[in-house]
Amino acid sequence: MRSSPSARRPRVLYLSFYFPPSRASGVYRARATANHLVQQGFDVTVCAAPLRFLYDVVGTVDEDLLETVDPQIQVERPEMNMNRWENDLRRFGRFRGTMPVLARRFEDWRTERIFPEQYASWAWASVRRALRLHARQRFDVVLATGNPHASFAAAWLFRRLTGVPYVLDYRDSWTLNLFTDSPAYPDGHPAFKWEQRVMRGASGLVFVNQALRGWHAERYPAFADKMMVVPNGWDPDLMEVEEFKPRAEGPLRFGYLGTLTVNQPVEELAAAFRRARTHPELADAELNIHGHLGFFRNSPSALRERLGLDPHGDEQSDDQAGIHCRGPVPKTEVSAVYRESDVLVFLAGGGRYVTSGKIFEYLATGRPIVSVHAPDIAAREVLTRYPLWFDPNGLDVDAVAQAMVEAGRAARDLTAEQVATARRHADGYTRETLLRPLTQRLRTIAGFPNEADAELTGR
């Protein structure tokens, strides 16, 4: 017999492959969501990627971020089939070791026929682990975030086996290619069938902006009434908003913070900055890129080359260009980067469906922001009312360079009043504020009225 809602806390199973110490771009939304649910009176169990995948395959982590996860959260790390990423012959099984081509074909066939994603084994292992935990103390609701979207299939299967309702958080699209604004797969691909299946069984569908919600509502109109928008936001616990101090003299510092990727307009950024430096006011300006260059070990040299820099990291070539790759920054130290930046560069790939979580942090700084992205990007919805936004309305190099010059001039003349006005725009985009509708939806689905949760949390 199910316990009375007032007798215990609502219990949520959170299927989030990328969770600290992962440094994948979506991990900050996952961390904030789990922490917020605990603060709102939920018992939270997270099924996340095995550490071996994060350390040995991806090869980069942010262990400081792990320290910011609420200790009340129970983190489970089910194993997964690592054959696709395993290159050590000593770890090959007999079948793969003696017939590698046949073994690979079998893996591809299994992926295509059972679930069209390479993380499916983690999903099924998560269901097995969750069933054991559920037998000890039942879950009331499941929240699954993708990518990978195998987490959606896991939520669907867990409901089939237990009856526990689930909500899907599309922090990244599945069947829409965000960089081409077109379907990610050809017609008839099993991903579409799976997406329709998991949507049909879901009690709620969450998207990060209205454009993405609209695309999915048009493609799946039968499920439109389940859909809601929960934007990304910024995390006050990870970012200290410091007192504004103008830079009266010295070279202006343009800053980009985040992982640089092959899908961003990197060449346009570098060309525009070099052109902007021909202007007398920016002749000694710096462009400091803070963050990882790509997601994998072999990414940095290729991205440095796209920036017009020596691929091997020659400091003299960096000085001549004024472009410096400063390396990764732990999430807990981003405030120092913002403090030392006069102008922030919002570099984003993709088109009309992209918001990017980084933009919310940028708003909170109260600094001038220069856009370097496609003209119809979804982030414009957030930036439009920001008073220190410098928008070239596209990727024309001359226009971007002129926006940089204007932003640099504004940074020199910036007043405390202007900064305060800009920061007020960011106040509505804290994670706590933006996650409240999702928390309320989960409470309702789980069968726990708001009053019971208020009593449990002491609010």
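**Exercise 1. How many of the five residues of β1 are buried, and is β1 enclosed or not enclosed by the rest of the structure?**

Before the solution, two remarks on the model. This is a predicted model, in which local features need pLDDT of at least 70 and side-chain atom pairs count only at pLDDT 80 or more, while totals for chains, interfaces and linings use all residues. Residues are numbered from 1 along each chain as its sequence is written, and side-chain values use heavy atoms, with hydrogens and water left out.

Solution. Take the criterion to begin with: buried means under 20% relative accessible area, exposed over 50%, and partly exposed in between, with a 1.4 Å probe and protein chains only. Helices (H or I, at least four residues) and strands (E, at least two) are DSSP runs, numbered from the N terminus. Five of the five residues of β1 are buried, so β1 is largely enclosed by the rest of the structure. Next, consider the directions of the side chains: in a regular strand they alternate between the two faces of the sheet. In β1, R11, L13 and L15 point one way, whereas V12 and Y14 point the other way.

**Exercise 2. Place β1 in its sheet, and find the helices that pack there.**

Solution. Two strands pair if DSSP finds at least two bridges between them. With this rule, seven strands form an open sheet with parallel pairing, in the order β3-β2-β1-β4-β5-β8-β9. At its edges stand β3 (74–76) and β9 (227–229), each with a single partner strand, so one side of each is left without a neighbour in the sheet. From one strand to the next the twist averages 20°, where axes are lines fitted to C-alpha atoms, for helices over the stretch in contact, and angles run from 0 to 180 degrees between N-to-C directions.

The step from β1 (residues 11–15) to β2 (residues 43–47) is made by five bridges between parallel strands. Among the bridge partners, L15 is matched with C47, and Y14 with V46.

For the helices, contact means heavy atoms within 4.5 Å. Helix α1 (residues 27–39) packs on the sheet and touches β1, β2, β4 (141–146), β5 (166–170) and β8 (204–207), its direction making about 175° with that of β1. Helix α7 (residues 150–162) lies across β1, β4 and β5, and runs at about 160° to β4.

**Exercise 3. Check the length of α7, and state what covers its buried residues.**

Solution. The expected span of a helix is 1.5 Å times one less than its number of residues. For the 13 residues of α7 this should give 18 Å, and the end C-alpha atoms are 18 Å apart, which agrees. The buried residues of α7 are A150, S151, F152, A153, A154, A155, W156 and F158, and their cover includes β1, α6 (120–136), β4, β5 and α8 (190–201). After the helix comes G163, whose phi is positive, near 85°.

**Exercise 4. Apply the same length check to α18, and describe its bend.**

Solution. The 16 residues of helix α18 (residues 431–446) should span 22 Å at 1.5 Å a residue, and its end C-alpha atoms are 22 Å apart, which agrees. There is nevertheless a kink of about 30° in α18, centred on P437; the bend at a residue is the angle between axes fitted to the seven residues ending there and the seven starting there. Buried positions in α18 include R431, L434, L435, L438 and L442. Just after α18, G447 takes a positive phi of about 90°.

**Exercise 5. Describe the six-stranded sheet, and the surroundings of T365.**

Solution. The order of this open sheet is β12-β11-β10-β13-β14-β15, with parallel pairing, and its edge strands β12 (323–327) and β15 (389–390) each pair on one side only. Two bridges join β10 (residues 253–257) to the parallel strand β13 (residues 343–347), where G255 stands opposite L344.

T365 belongs to helix α14 (residues 358–365), and at 4% relative accessibility T365 counts as buried. Leaving aside its neighbours within four places in sequence, T365 is in contact with M239, Y338, L344, V419 and R423. A polar atom of its side chain lies 3.1 Å from the backbone nitrogen of R367.

Definitions and conventions: Polar contact = N/O pair within 3.5 Å; in protein donor to acceptor, adjacent residues only side chain to side chain.
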